[in-house]
Amino acid sequence: MASFIPEAKLLEIKEAAPIAEVIGQYVSLKPRGRYLVGLCPFHAEKTPSFTVYPERNIFHCYGCGVGGNVFTFLMQHLRLTFPEAATELAKKYGIPLNLKKDLTPAEARASRQRQALYEVNELAAKFFTENLGHPHLGKPVREYLARRGLPEGVAASFRLGFAPDDWRLLIRALSERGASLEAAQQLGLIVPHHSSGHYDRFRGRLIFPILDLQGRVIAFGGRIIADGEPKYLNSPESSLYSKGRNLYGLFQAREAIRKQNLAILVEGYMDLLALRARNIEPVVATLGTALTREQVRLLKGYTSRAVLVFDGDEAGLKAMRRSLPHFAGEHLPVRVLVLPPGEDPDSYAAKQGVEIFRNPWEEAKPLFEYILDDATRNIGDELEKKLAALETLRPYFQSDVDPVEKALWLRLTAKRLTVSESALEESLANKRPALSAPMVCQATALNLERSLIKFILANPEILPRLDVEEYLEQFTDIKLQTIARQICNCHRQLGYLDHSLLVTQLDDDDLCRQVCSLSLAAEEYPPNHLELLIEDYRRSFRKRQLKRQQKKLRLELQEVYQARNGGDFLALVAQVREIEQRLRDLESSHEPLGEKENMDGQRSQS
Ligand SMILES: [Zn+2]
């Protein structure tokens, strides 16, 4: 993936972009010893197992096993390609990088195509904002925004725009600026006409550009200005945009969300802007769909509290119910603020003020309680109604929820249905027992190969003193062998070991995870221990080699014995004896220190 960016350049970028700072923009990290830890953005967890190791410029998650360097982090978190991640960091930290001359033709083409898509979106966004600012053209829309109480500053920071009611204005504007119409069509900005040519998708609409976490325009939403249907229209999904993976306003709100440790989720663009207009900042909006697990995970990188704001209509209620398993599954505590029927955040704030949105966590009700209230409304003491309510709630209990939270739900539900907790639990367990995950047997003992790699990762200066080539030939695990070989190459090449560069050189997700995991587990030893350890590895690899030979000879011996071939037999016996003697010699020269402290489990495996 990285072969086309010179390694010297990668090292330069890595030096300039400290991993703690880069990752810290997306995950809140707390120092723990020489590491930094935080909640993993790649899997659901309540206690931090996502670990950043600044000295070695790598990260690793003990929970889900992801690991890598600054580049891999950005690639996975922001869904960038390697050149994009490198370019992004280079740009941000002022490192000159000329990708054009470093890419293969195919990579260059793919990169150009993606770039063209971003450029077309950017041109379109500019075109829309220019229209909004246009003295005559934009006047009705500016008046509309003023009526909605939206200050110009907010409109500007969200890059609001206007698509006039015309079939070909955008097409003309893009053509004049030399933009690719093919790209515009791929993005859904223009639509092919059944007879000939194209027409603009967004017409007569207030435009809301949708930005990714780097502030690039990836799609648009449009609200009709005059009468017409549909009221809201969004860009279709494209290679830049997936509605279930983005949240409107997150780019603008992420700092506020992090600072207040709170995210307020509203349903639409105008709800969000109405709150921004009243200086309520940590707000994001779903993009016209029910909240997805990925969106919840995205939020979790910035906050540990979410408040859903919905009007009390049936559609909103349904969306809210469906989101509970996502929050519970991601262990993101969520509360809900239900506005009176017919009110949206804008109309509500206009009448009642914004106090409720300033401190919504205190004002809101835990989502499960809300759902419970709703399911058990008017059930009285009728058994049938109670059972019906229980069926409504059953899916929540069967979702992947923290046991403590589930126990709490159980208590609340039992109380509400006036049944005992144990009876309720039994009922929930009996009907459709949740499948328990199969027991996974994990080898706990470190094997010799992993142990050696860890030793080298932490103490690479010993490499010239290890008979590493000899050990490498004995490796049985091909992946570990590849890792070890690359460590040697990297060390030879630089004269020292660079963990971050190693990750890039390995160029394979699994190898990259493994090496980061090993690196985090690797301890440095004081110099006086190193010699003992080097000796220890030498002995261990010899021993393993001898045992393999011994096994092979014994098999041969058996064959020869069965074939009654006397001469060979005696020679083989002599060889076996010799190996046994050498093994005994190794045992007797055994120094306990290294074995006991660092070879952990190795003897049982060798
Ligand atoms: Zn993880």
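Is Arg-305 buried, partly exposed or exposed? Figure 4 takes that up; the views below all come from a predicted model.

**Figure 1. The whole chain, before we zoom in, with its 29 helices and 16 strands.** Along its principal axes, the C-alpha trace runs to about 105 × 70 × 50 Å. The chain splits into domain 1 (7–101), domain 2 (105–241), domain 3 (259–367), domain 4 (376–431) and domain 5 (534–606). If you want a feel for the spread, try domain 2 and domain 4: their centres, taken over C-alpha atoms, sit 48 Å from each other. Of the 606 residues, 49% count as buried. Among contacts with a separation of 6 or more, 67% are between residues 24 or more positions apart. The accessible surface adds up to about 29,600 Å², and carbon and sulfur atoms own 51% of that.

**Figure 2. The zinc ion and its protein donors, Cys-40, His-43, Cys-61 and Cys-64.** The cysteines bind through SG and His-43 through ND1, at 2.1 to 2.3 Å from the metal. What arrangement do the four donor atoms make around the zinc ion? It is tetrahedral, because the angles they subtend are 101 to 120°, and the cut-off for that label asks for all angles between 85 and 135 degrees. For reference, the ideal tetrahedral angle is 109.5 degrees. Read along the sequence, the donor spacing is C-x2-H-x17-C-x2-C. Cys-40 and Cys-64 link distant parts of the chain, 24 residues apart. Cys-40 sits in the loop between strand 2 (35–38) and strand 3 (50–53), while Cys-64 sits in the loop between strand 4 (58–61) and strand 5 (67–68). Cys-40 is buried, at 0% relative accessible area, whereas Cys-64 is partly exposed at 27%. UniProt, in an unreviewed entry, lists residues 40–64 as "zinc finger region: CHC2-type". That span is 0% helix and 32% strand, and its end C-alpha atoms lie 8 Å apart.

**Figure 3. Two spots in domain 1: Leu-29 and helix 4 (residues 82–92).** Leu-29 lies in the loop between helix 2 and strand 1 (30–32). Skip its neighbours within four places in sequence, and Leu-29 is still in contact with Ala-20, Ile-23, Gly-24, Leu-36, Val-37, Gly-38, Phe-50 and Val-52. Pro-48 is 19 residues away from Leu-29 along the chain, with 9.1 Å between their C-alpha atoms. Over in helix 4, the buried residues are Phe-82, Pro-83, Glu-84, Ala-85, Ala-86, Leu-89 and Ala-90. In an α-helix, residues three or four places apart point the same way, because there are 3.6 residues a turn. The cover over the buried residues of helix 4 includes helix 1 (7–16), helix 2 (19–24), helix 3 (70–77), helix 5 (105–133) and helix 24 (499–506). Just after helix 4 comes Gly-94, with a positive phi of about 65°.

**Figure 4. Arg-305 and its surroundings, in the loop between helix 12 (293–300) and strand 14 (306–311).** Back to the opening question: Arg-305 is partly exposed, because its relative accessible area is 22% and the buried class stops under 20%. Leaving out residues up to four places away in sequence, Arg-305 touches Gln-260, Asn-261, Leu-262, Ala-263, Leu-332, Pro-333 and Trp-361. Asp-166 is a far-off reference point, 139 residues from Arg-305 in sequence and 44 Å from it, C-alpha to C-alpha. An unreviewed UniProt entry annotates residues 261–342 as "domain: Toprim". The chain there is 40% helix and 23% strand, with 29 Å between the end C-alpha atoms.

**Figure 5. Backbone oddities at Asn-57, His-331 and Pro-230.** Most residues other than glycine have a negative phi, and most peptide bonds are trans. Asn-57 has a positive phi of about 55° although it is not a glycine. Asn-57 is found in the loop between strand 3 and strand 4, and it is buried at 13% relative accessible area. His-331 also shows a positive phi, near 55°, in the loop between helix 13 (314–329) and strand 15 (334–339). Which peptide bond is cis? That is the one from Glu-229 to Pro-230, with omega near -15°. Pro-230 belongs to the loop between strand 10 (217–224) and strand 11 (232–234).

How values were computed: Residues are numbered from 1 along each chain as its sequence is written. This is a predicted model: local features need pLDDT of at least 70, side-chain atom pairs count only at pLDDT 80 or more; totals for chains, interfaces and linings use all residues. Side-chain values use heavy atoms; hydrogens and water are left out. Donors are N, O and S atoms within 2.8 Å of the metal (3.2 Å for Na, K and Ca); water is not among the atoms, so sites may look incomplete. Four donors count as tetrahedral if all angles lie between 85 and 135 degrees; four count as square planar and six as octahedral if opposite donors are over 155 degrees apart and all others between 65 and 115; anything else is irregular. Helices (H or I, at least four residues) and strands (E, at least two) are DSSP runs, numbered from the N terminus. Buried means under 20% relative accessible area, exposed over 50%, partly exposed in between (1.4 Å probe, protein chains only). Domain bounds come from an automatic or database domain assignment. UniProt positions are given in the numbering used here, feature names are shortened, and annotations may be inferred rather than shown by experiment. Contact means heavy atoms within 4.5 Å. Accessible areas come from the Shrake-Rupley method with a 1.4 Å probe; for residues, only the protein chains shown count as cover.
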